[in-house]
Amino acid sequence: MLIHTGEKPHVCDVCNKSFRLKRSLNMHMLFHTGEKPHLCELCNKSFRLKADLNMHCRIHTGEKPFQCGVCNKSFRRRGVLNQHMLIHTGEKPHLCKMCNRSFKLKDDLNMHALVHIGEKPYVCEVCNKPFRYKYLLKKHMLFHTGEKPHVCDICNKSFRHKGELNVHFFIHTGEKPHVCDVCSKSFRRRSVLSKHMLIHTGKQHHMCDVCNKPFRHKSHLHKHILTHTEEKSCASEA
């Protein structure tokens, strides 16, 4: 009957949160006491709730009871399956109130919101450079530590980022996945393909501030700038 009346007679002495059932209050109290009475017999990791222990045990057993009806991929948690299903449905239920952009996951919306407020909450402890996202800070920290955790299985060359390793691997496989739509020339890196496309489009993005001569590539502009500095030095000598 408490569901119909809305009554919650069991009140937490610490935070005054109320519950319909005594067992719900007992479970809640574990957050205040820090007690984790449910222990994994395999790795001794402890949990507040029996349900959390049961889900954890699936790591050891390999059990993934929640299966996608579309692609048959299986998951340990129902919540992760629900998130996965958004890939198939295309649904993006989380809407940004500032720009109306929508996202599959609430976490993605929260990260996106930082763009609008300009907040960069993740700060490097070494150089104080701020970042919007935690993963960008982690990538940045590799420059300070010098760590290169991604190692090529063939030549043992190591890289800071997984993307760099993936591109490097094309050297061994000979693969060039980025193909020009105009002349069918292929490249290992997308950025090199983008530079190549300037040949076909004729676009010249880099302009000399001195004589307004345009160049396709920034490196060509830098070489050209030297001609102006050499002219100035010759004029001063004369």
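The following conversation works through a predicted model of one protein chain.

Me: How many helices and strands does the protein chain have?

Reply: The secondary structure of the protein chain comes to nine helices and 16 strands. Please bear in mind that the model is predicted.

Me: What does the C-alpha trace span along its principal axes?

Reply: The C-alpha trace of the protein chain spans about 95 × 40 × 40 Å along those axes.

Me: And what radius of gyration does the chain have, set against a compact globule of 238 residues?

Reply: The protein chain has a radius of gyration of 29 Å, whereas a compact globule of 238 residues would have one near 18 Å.

Me: What share of the contacts comes from residues 24 or more positions apart?

Reply: Among contacts with a separation of 6 or more, residues 24 or more positions apart account for 0%.

Me: What about the surface, and how much of the chain is buried?

Reply: The accessible surface comes to about 17,900 Å². Carbon and sulfur atoms hold 51% of that surface. Buried residues make up 19% of the 238 residues.

Me: Let us turn to the histidines. Where is His112, and is it buried or exposed?

Reply: His112 is placed in helix H5, which covers residues 106–117. His112 counts as buried because its relative accessibility is 8%, and the limit for buried is under 20%.

Me: Which residues does His112 touch?

Reply: Not counting residues up to four places away in sequence, His112 touches Cys96, Cys99, Arg101, Phe103 and Tyr133. In addition, the side chains of His112 and His116 are joined by a polar contact of 3.1 Å.

Me: Which helix holds His56, and what is His56 in contact with?

Reply: His56 lies in helix H3, residues 50–61. Leaving aside neighbours within four places in sequence, His56 is in contact with Cys40, Cys43, Lys45 and Phe47. At 9% relative accessibility, His56 counts as buried.

Me: And His220, where does that one lie?

Reply: His220 lies in helix H9, residues 218–237. With a relative accessible area of 39%, His220 is partly exposed. The C-alpha atoms of His220 and Leu81 are separated by 51 Å, and the two residues are 139 residues apart along the chain.

Me: Cysteines keep coming up. How many disulfides are there?

Reply: A search of the whole structure finds zero disulfides. Cys71, for instance, is in no disulfide, and its nearest cysteine sulfur, that of Cys68, is 3.7 Å away. Cys96 is in no disulfide either, and the nearest cysteine sulfur there, that of Cys99, is 3.7 Å away.

Me: Why does the pair Cys96 and Cys99 not count as a disulfide?

Reply: The two sulfur atoms would have to lie within 2.5 Å. The sulfur of Cys99 is 3.7 Å away from that of Cys96, so the pair does not count.

Me: Are Cys71 and Cys96 buried or exposed?

Reply: Cys71 is partly exposed, with a relative accessible area of 37%. Cys96 is buried, with a relative accessible area of 4%.

Me: New topic: how many aromatic pairs are there, and which residues form one?

Reply: The count comes to one aromatic pair. Tyr133 and Tyr135 form this pair, with 5.9 Å from centre to centre and 5° between the planes. The pair is stacked because planes under 30 degrees apart count as stacked.

Me: Is each of those tyrosines buried or exposed?

Reply: Tyr133 counts as buried, at 15% relative accessibility. Tyr135 is partly exposed, with a relative accessible area of 45%. Tyr133 is also one of the residues that His112 touches.

Conventions:
Residues numbered from 1 in each chain as written. Predicted model: local features only at pLDDT ≥ 70, side-chain atom pairs only at ≥ 80, totals over all residues. Heavy atoms only, no water. Phe/Tyr/Trp six-rings, centres within 6.5 Å; stacked < 30°, edge-to-face > 60°. Buried < 20%, exposed > 50% of the residue type's maximum accessible area, 1.4 Å probe, protein only. Helix = DSSP H or I, 4+ residues; strand = E, 2+ residues; numbered from the N terminus. Polar contact = N/O pair within 3.5 Å; in protein donor to acceptor, adjacent residues only side chain to side chain. Contact = heavy atoms within 4.5 Å. Rg over C-alpha atoms; globule rule 2.2 N^0.38 Å. Areas by Shrake-Rupley, 256 points an atom, 1.4 Å probe, with all protein chains shown as cover.
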